[in-house]
Amino acid sequence: MALCCLLRPPRWHLRPPPLALLGPDRSLGTATKGKGKKKAREGCSLPDPSWEERLANAVTPLWRLPYQEQLQVKYESQRKILQTLASRLEELGIDAQKPGGLCCPLQPVVPSPVINGYRNKSTFSVNRGPDGNPKTVGLYVGTGKARNIVCVKANHMKNMPSKHNKVAQCYEEFISRSPLDSCILFHEGGHWRELVVRTTSRGHTMAIITFHPQELGQEALATQKALLKEFFMCGPGAVCALTSLYFQESTMTRCSHEQSPYQLLHGEPHIFEELLGLKFRISPDAFFQVNTAGAEVLYQAVGKLCQTTGDTVLLDICCGTGTIGLSLAHQVSKVIGVEVVEKAIEDAKWNAAFNGISNCEFHSGKAEAVLPQLLASWEDARPLVAVVNPSRAGLHYRVVRAIRNCRTIRRLLYISCKPEGEAMRNFLELCCPPDPRKKLTGEPFAPVLAIPFDLFPHTVHCELVLLFTR
C-alpha cells in the first residue's frame, strides 16, 4: 500500500475558540491594550478587527503607514534610544551630550531595497486557530502568560513571501490528515510542532519540521518520516518544490543540531544564496540576515565604516556563516571569525574556500570562551577592527571585557536589532570609566556615529550600526 494511502482525514471538528482565549469584549486581550481603545470602540461601535488584522498589527504594526512614514517612526525610535544612552553615560560621569541630547550624530534610516515579501526565513507555529482547529499552522496572536494564544494563518502578511505560506499550507494539510495530534503543551502529549521555511533568491527552499517524539519508538518515528517525505515529494506537498526537507525530534522549545541533529529526509543538505557577488551555503540553523537585499546595503556600509587598510585585521564576532567577514575580506589582510553554531562555522569555511578567499580563519565556540584566549595572546602589530553582530541577548560580559582590554582594537562596530535591550548594557560596558573591580582596565570607547538600516519593513525594528572609537 502506498504511504499516501495511510494518511487519514482530520478527526477534529471546527468549533469557536474557547471563551478562555477571549477578552471581555470577545477579542484577544492583546489586541485591545489600554482602556482608551476599549472605550473608543464601545462609544463608536467600531467593529472588532479581524484575526488577520490582529496578527498584522501584532507582527507588523506599521503595515498601514506609507513607507516614508515608517522610516520616520523608526528614526524617532532610534533617536530616543541614543538620548537614553547619553543620559545613562552622563550618570557614569561621562560628558556624552551632543546636539539634540544624543550621544552621537544619528543619520537618517537607510531604506530597504525590498519592502514587501522580503523575509528569507519564517517560523510557523502549530496551535488552535480562531475556528478551534488545533492543527492550525500560522503565527501567534496573544501570549502564553495571558493564556490567550490563537494561531492565525499568515497568508496576508506583507513581510512574508508567498512561497513560505504555500509550504505552511501544505504542512497544515499533512498534519490535518495525520492521526497524530499537534503538540501544544509538551506535558499534554501530541507530536506535530513548528515549521521553519528558508528560501533564497536562487529559488531554493528548505523546510524544517520539528516533532516531539513523546513515547514513540524508532519504527513509528521512521513511519512518520517516510509519510512526510512521501507527501512533499510525490503527494500534495510536491507543489512546494522543496530543495531540502529536514526533520528534527525535539523535547525542548529550541534545540541546536548538537542537542538533536537535523535529519535530512530528502534533497540537498544545504541551500545557497548570493550576496555581494559571493556564494553562501546555508545550513538549517545557521544565522543569515532575513532580508538579503537589505543585508547587502548594510554590509557595504559596514565596510566603509571600518575604514580598513590593506594591513588591517578584521575581527568578526558572532559571524554566522561568515557573510560580513567574507564580504570585506578583499579590503583587509586577514579576517578572524567567531561563532557559537558549529554548523555555521562549517558553512563559513566552505564559503571561504568556494569563493577562493584564503585570508580568513573561523573559530567555533562561545565568544566568551574563544575571544578572551584569542586576544589575551594578541601580539600582532597590525591594526585590529572589530565588528560584532550578536543576537538580542547581546554580548557576554567576558566578550566586552576582552575587547575593552585589547589595546589594539581602536575601532568597533556594533550591529544590533534591539539596541534598547541587552545591547544597551554592552554600550555602557564599552564606554564606562575603567573599573579594576570588574577587570575593565582598558581605555573606554566613545560612540561617534549611529546609522539605522531598515531590514524589517512594516515592523518597528531596524538594525542599528553604532560606531565606537577610542
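A disulfide is a pair of cysteine sulfur atoms within 2.5 Å. I note at the outset that the model I consulted is predicted.

**Entry 1. Cysteines**

I searched the whole structure for disulfides and found 0. I then looked up individual cysteines. Cys 103 is in no disulfide. The nearest cysteine sulfur to that of Cys 103 belongs to Cys 104 and is 4.0 Å away. I also checked the accessibility of Cys 103: the relative value is 1%, so I recorded Cys 103 as buried.

I turned next to Cys 318. Its closest cysteine sulfur is in Cys 319, at 8.1 Å, which is too far for a bond. Cys 318 has a relative accessible area of 22%, and I therefore entered this residue as partly exposed.

**Entry 2. Aromatic pairs**

How many aromatic pairs does a search of the whole structure find? I obtained 12. One of them joins Tyr 171 and Trp 192 in an edge-to-face arrangement. I noted 6.5 Å from centre to centre and 85 degrees between the planes. This pair links distant parts of the chain, 21 residues apart. I located Tyr 171 in helix α4, residues 162-177, and Trp 192 in strand β4, residues 192-199. Are Tyr 171 and Trp 192 buried or exposed? I found both to be buried.

I then examined Tyr 246 and Tyr 262, which also form an edge-to-face pair. Their ring centres are 6.3 Å apart, with 85 degrees between the planes. I placed Tyr 246 in strand β6 (residues 244-249) and Tyr 262 in the loop between β6 and β7 (263-267), so the pair ties together parts that are 16 residues apart in sequence. For Tyr 246 I read a relative accessibility of 6%, and this residue therefore counts as buried. Tyr 262 counts as buried as well, because its relative accessibility is 16%.

**Entry 3. A cluster of rings**

I asked which residues the ring pairs link into a cluster. I listed Tyr 171, Phe 174, Trp 192, Phe 211, Phe 231, Phe 232 and Phe 247. The edge-to-face pair of Tyr 171 and Trp 192 from the previous entry thus has both its members in this cluster.

**Entry 4. Charges over rings**

Finally, I looked for charged side-chain ends placed over aromatic rings. Where does the charged end of Arg 54 sit? I found it over the ring of Trp 51, 4.5 Å from the ring centre. I made a second such note for Lys 279, whose charged end sits over the ring of Phe 272. In that case the distance to the ring centre is 4.7 Å.

Notes
Residues numbered from 1 in each chain as written. Predicted model: local features only at pLDDT ≥ 70, side-chain atom pairs only at ≥ 80, totals over all residues. Heavy atoms only, no water. Phe/Tyr/Trp six-rings, centres within 6.5 Å; stacked < 30°, edge-to-face > 60°. Helix = DSSP H or I, 4+ residues; strand = E, 2+ residues; numbered from the N terminus. Buried < 20%, exposed > 50% of the residue type's maximum accessible area, 1.4 Å probe, protein only. Lys NZ or Arg CZ within 6 Å of the ring centre and 35° of its normal.
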